[in-house]
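Subject: Handover of a structure and its findings

Dear colleague,

Please find below the structure that I am handing over to you. The findings follow directly after it.

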Amino acid sequence: MREEEGVKDGQDISAKGMEHDPVEHNNSKSKRSSNNYAGIEVREDDLRDGRYMSIRYSARFRYRWDTGIAVGRFLEGLRNGKIVGSRCKVCKRVLVPPRIFCELDFAQVDEWVYVGDTGSVNTYSISYIDKQARRISNPVIVAVIELDGASQGMGIMHLLGEVRPEDVHIGMRVKAVWKSREERRGAITDIMYFKPL
Amino acid sequence: MIPKGERIGIVGVGYAGLADTKVRSAQEPSHTASSTTNTASASTNTTTTTTTPTPTAATSIRYSYKELMFLAARMAYEDAGIVDVRSKDRISFICSTEDFWEGNMISDEYMPDQLGAVLRPLCTVAADGLYGLITGFMQIRSGLVDVAVVEAHSKLSDVVSKKEIARFALDPVYVRGIYPEIDPYFIAGLEMNRFLYETGNSRESCAKVVSKNKGNALANPRACYASSVDISLVLSSPIVAYPLTSMEISSYADASIVVVLASEHKARMLKGSTDGIVWIDGVGWCSDTPWINDRNLADALYASLAAEMAYKMAGIEMDEPSKYIDLAEIDDTFSYKELQHMEALRLCRKGEASRLVEDGCTAMDGYMPVNPSGGSLGVGYLVEATGLHRVLEAVLQLRGMAGSMQVHGARRAVVQSWRGLPTASGAVAILSSNDS
């Protein structure tokens, strides 16, 4: 892209490069050229007119996680309309979601139990914006639910439904609302939401 | 050299994944066999016992990555003599993971539970597991902790878009856009071509490396890609990126590897004696420039300098380190990499690697066995876990517990890892047995 006449290879051209002094540019954008972007603040009109270095690269990263033993059992349980936990022989806690190891005493866990689909709200939040930060008219209520039959503090995170935001409170009793057997496919969304009991 | 009394030792190693667990329990010394039996009992679908280590699928569909980590960690703690990893000992945990392989941002957040590391010091080193080992080494040397648990894993069977992710590592301005349609293996082709041109090493000896490593792997119960192949088959396999053929590229496998380090004092307490402790005599690591077009493609300078650092720490004289070393577990992600790394680690002079391989000097019964485990070509490529797998193999050798792969009288080993395409980064560790 060498446009200068009479410049030899190896000759110092740093001074020439400086004719696009970024400091100067902040005050006189008319001198901007379209082929030098060094140190220039990109402004709104630059974005509009495409005066910026652009690399379009779209990558699609796909994963296919092995569920292993514990996640597999949990998802299989959901398909059957049941919530599966596992019981640690050492600390006796019922862990939900289940795992084959207890994170507190590093013991192998291989006893499987069903826990209830009812429980109490441990904490909740009401989300008024979507992932693009737009206001949503029907706020989404997210809650941590301590399930009956699981050890204290154990449970799952899910949505609350059939309840007005102003009526939700910590300690509120709730019950899972399941999709129909035909619709369930072994996913956390097999439970649609929890509603007040 | 680390003064006596301040040494840091490897006290435990464990793994899960790789070739079938039942196969290895039949092959290994009794102290590890008991934990592999437990490993199998954790599964809902155990396979029948066989004494023939046939190459098996390199996947681990029965377990999630967390479950693999748990099984590997339990085996390592048992090996290390750690009765309760949850006790309030001065212990820290280090994982080597890369978010894109995990498929999760901040993947370190998902590591504590299955290692017994909840509410304990844990950090992630986004590099090969050998960097994790070096980090643990430094934490112990600094006096902060007595024990460091290092974990790395590969669950590549979960990753559908391996090639997309590999391509994502390329420079976005200069490289990625120009070659959008071809596999990043072309970088290995460029490097191999220049390496062979400058050093005079031959394509035949590269093929011999494949034949040797896959052959060595026949004796390794962990190996997923063991086979008996001659060099004509390697050379006639389809060219992927000239001069690199498809059989000269290591294939993916799943595994979790856990290595437990301890200060000398703590190591003696855990093991009851110095038996079974493998000492870390030296470590080093180094990175070259990312400019593929501007860096030295023939010499693997990153490996030379990392090795220099490690040799110096270990008190090994630089002119002929092979005099001090009984075996090498070094990077063989691609066939030529083993030759290139042999020269970089000064196990031979520049241009001599071919001759050593041709003469059988690096074979299992040679004077300097290189990758007696079968390396990545024979065992499988484990991304971040590759370096720790090499440590595990070297530890078994130095303990004299490598079974039918045992290198007779192995007392000192050099372990080296490379960060993979498109990098020029890597680490080295010098390990020695207790009676060296």
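In chain A, of the contacts between residues at least 6 apart in sequence, 46% join residues at least 24 apart. For chain B, the corresponding share, again among contacts between residues at least 6 apart in sequence, is 78%. Please bear in mind that this is a predicted model.

As to burial, 22% of the 197 residues of chain A count as buried. In chain B, which has 436 residues, 58% count as buried.

The secondary structure of chain A consists of 4 helices and 8 strands. Along the sequence, these elements of chain A follow the pattern α-α-α-α-β-β-β-β-β-β-β-β. Chain B, for its part, has 15 helices and 11 strands.

Next, the contact between the chains. On the side of chain B, 27 residues are in contact with 21 residues of chain A. Two elements of chain B, helix H3 (65-80) and helix H6 (162-168), give two or more residues to the side that touches chain A. The element that gives the most is H6(B), with 3 residues. By character, the residues on this side of chain B divide into 13 nonpolar, 8 polar and 6 charged.

Within chain B, helix H7 (residues 185-199) may serve as a starting point. H7(B) has 15 residues and reaches 21 Å from its first C-alpha to its last, which is close to the 21 Å expected at 1.5 Å a residue. Which residues of H7(B) are buried? They are B:Ile187, B:Ala188, B:Glu191, B:Met192, B:Phe195, B:Leu196 and B:Thr199. These residues cover an arc of only 155 degrees around the axis, and therefore they lie on the same side of H7(B). Their cover includes H8, strand S5 (239-241), strand S6 (244-245) and H12 of chain B. After H7(B) comes B:Gly200, which has a positive phi, near 80 degrees.

Two of the elements that help to cover H7(B), namely H8 and H12 of chain B, also meet each other. How do helix H8 (residues 203-217) and helix H12 (residues 335-344) of chain B cross? Their axes come within 7 Å, and the crossing angle is roughly 105 degrees. H8(B) and H12(B) are therefore roughly perpendicular to each other. From H8(B), the residues B:Ser205, B:Cys206, B:Ala207, B:Val209 and B:Val210 take part in this contact. Their partners in H12(B) are B:Ser335, B:Tyr336, B:Glu338 and B:Leu339. The residues of this contact between H8(B) and H12(B) divide into 6 nonpolar, 2 polar and 1 charged.

Finally, one residue in a loop of chain B may be of interest. B:Gln406 is placed between helix H15 (386-398) and strand S10 (412-418) of chain B. Is B:Gln406 buried, exposed or partly exposed? It counts as partly exposed, because it has 16 C-beta neighbours inside 10 Å, whereas a buried residue would need 20 or more and an exposed one 12 or fewer. Leaving aside residues up to four places away in sequence, B:Gln406 touches B:Gln397 and B:Gly400. From B:Gln406 to B:Lys212 the separation is 194 residues in sequence and 15 Å in space, C-alpha to C-alpha.

With kind regards

How values were computed: Residues numbered from 1 in each chain as written. Chains lettered and ligands numbered in written order. Predicted model: local features only at pLDDT ≥ 70, side-chain atom pairs only at ≥ 80, totals over all residues. Axes fitted to C-alpha atoms, helices over the stretch in contact; angles between N-to-C directions. Parallel < 35°, antiparallel > 145°, perpendicular 65-115°, else oblique. Contact = placed C-beta atoms within 7 Å. Nonpolar A, V, L, I, M, F, W, Y, C, P; charged D, E, K, R; others polar. Expected span 1.5 Å × (residues − 1). Arc of directions from axis to C-beta.
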